[in-house]
Amino acid sequence: MKKEMIVKAGKRLRFRQADEVDLDYIMDAEYISDNAKYVIPYTRATHMSTLNTKGAVHLIIETLDGLEKVGFLMIAGLDNPAKEIEFTRIILAVKGKGYGQETLQMLLSWAFDDLKFHRAWLDCKDHNARALHVYEKAGFQREGLIRETILTDGIYENLVILGILDREYFSVQNGKKA
């Protein structure tokens, strides 16, 4: 039996390093219609080639007891010498339970408290209001807009680039404690 690699645990959720056996779940979660419209879905081969490398990792988001998978993460830049981490995918299959906010809080804590990164960033389609709200509530700042960069079903879409620095993260954390 394979030993589970728990990366981070929160109040209701935990992140577990994904393995090849999780690829069916990852593909299913990514291709849920409410998710697929906000990302460029990857092929199984692409996920497999980036599953767990020196600079990138896939994480399964699951309930603390490990009984229910609720989503997955793709993280890049783990070996970046400038200490910049990219949240490539934040995909939730279970919505409406506050898992997105908890996931983002855990992810930021992992990046800044545990791994000591300087900067975290992600991109988001400009029409994904729900995700943009969660990111900005967590302290991400809009850094730019890449206009008409993705072609989806014959329509060009914009990407918003959002980032947060370690000092901004810690400022938000200190403000919550005050």
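What share of the contacts in the chain with a separation of 6 or more is accounted for by residues 24 or more positions apart? The figure is 60%. Keep that in mind as we walk through this model, which is a predicted one.

Let's start with the whole chain. There are 178 residues here, and a compact globule of that length would have a radius of gyration near 16 Å; the chain comes out at 16 Å, so it agrees with the rule. If you lay the C-alpha trace along its principal axes, it spans about 45 × 45 × 35 Å. Buried residues make up 43% of the 178. As for the outside, the accessible surface is about 9,600 Å², and carbon and sulfur atoms own 53% of that. On the charge side, you'll find 25 positive and 26 negative side chains, with the centres of the two sets 5 Å apart.

Now for the secondary structure. The chain has six helices and eight strands. Going along the sequence, they come in the order β-β-α-α-α-β-β-β-α-β-α-β-β-α. So the chain opens with two strands, follows them with three helices, and ends on a helix.

A good place to step inside is helix α1, residues 23-30. This helix is mostly covered, with six of its eight residues buried. The buried ones are Leu23, Tyr25, Ile26, Met27, Ala29 and Glu30. What do these residues pack against? Their partners are two helices, α2 (33-36) and α3 (44-49), plus three strands, β3 (56-63), β4 (69-76) and β5 (84-92).

One of those strands, β4, deserves a second look, since it holds Ile75. Is Ile75 buried or exposed? Its relative accessible area is just 1%, and buried means under 20%, so Ile75 counts as buried. Leaving aside residues up to four places away in sequence, Ile75 touches a whole set of others. Among them are Gly55, Ala56, Val57 and Leu59, then Ile85, Glu86, Phe87 and Thr88, and further along Leu107 and Trp110. Asn174 gives you a sense of distance across the model: it sits 99 residues from Ile75 in sequence, and the two C-alpha atoms are 26 Å apart.

Burial here isn't reserved for residues like Ile75, as Arg14 shows. Arg14 is in strand β2, residues 13-17. With a relative accessible area of 12%, under the 20% cut-off, Arg14 also counts as buried. What does the side chain of Arg14 meet? It makes a polar contact of 2.7 Å with the side chain of Glu62.

Finally, come out to a couple of loops, where the backbone does something worth checking. Lys116 lies in the loop between α4 (99-114) and β6 (119-125). Its phi is positive, about 60 degrees, although Lys116 is not a glycine. Lys116 has 56% relative accessibility, and the cut-off for exposed is over 50%, so it counts as exposed.

Asp153 is another case, found in the loop between β7 (141-152) and β8 (155-165). Here phi is near 50 degrees, again a positive value in a residue other than glycine. Is Asp153 buried or exposed? At a relative accessible area of 77%, Asp153 is exposed.

Definitions and conventions:
Residues numbered from 1 in each chain as written. Predicted model: local features only at pLDDT ≥ 70, side-chain atom pairs only at ≥ 80, totals over all residues. Heavy atoms only, no water. Helix = DSSP H or I, 4+ residues; strand = E, 2+ residues; numbered from the N terminus. Buried < 20%, exposed > 50% of the residue type's maximum accessible area, 1.4 Å probe, protein only. Polar contact = N/O pair within 3.5 Å; in protein donor to acceptor, adjacent residues only side chain to side chain. Rg over C-alpha atoms; globule rule 2.2 N^0.38 Å. Contact = heavy atoms within 4.5 Å. Areas by Shrake-Rupley, 256 points an atom, 1.4 Å probe, with all protein chains shown as cover. Lys, Arg positive; Asp, Glu negative; His and termini not counted. Charge placed at Lys NZ, Arg CZ, Asp CG, Glu CD.
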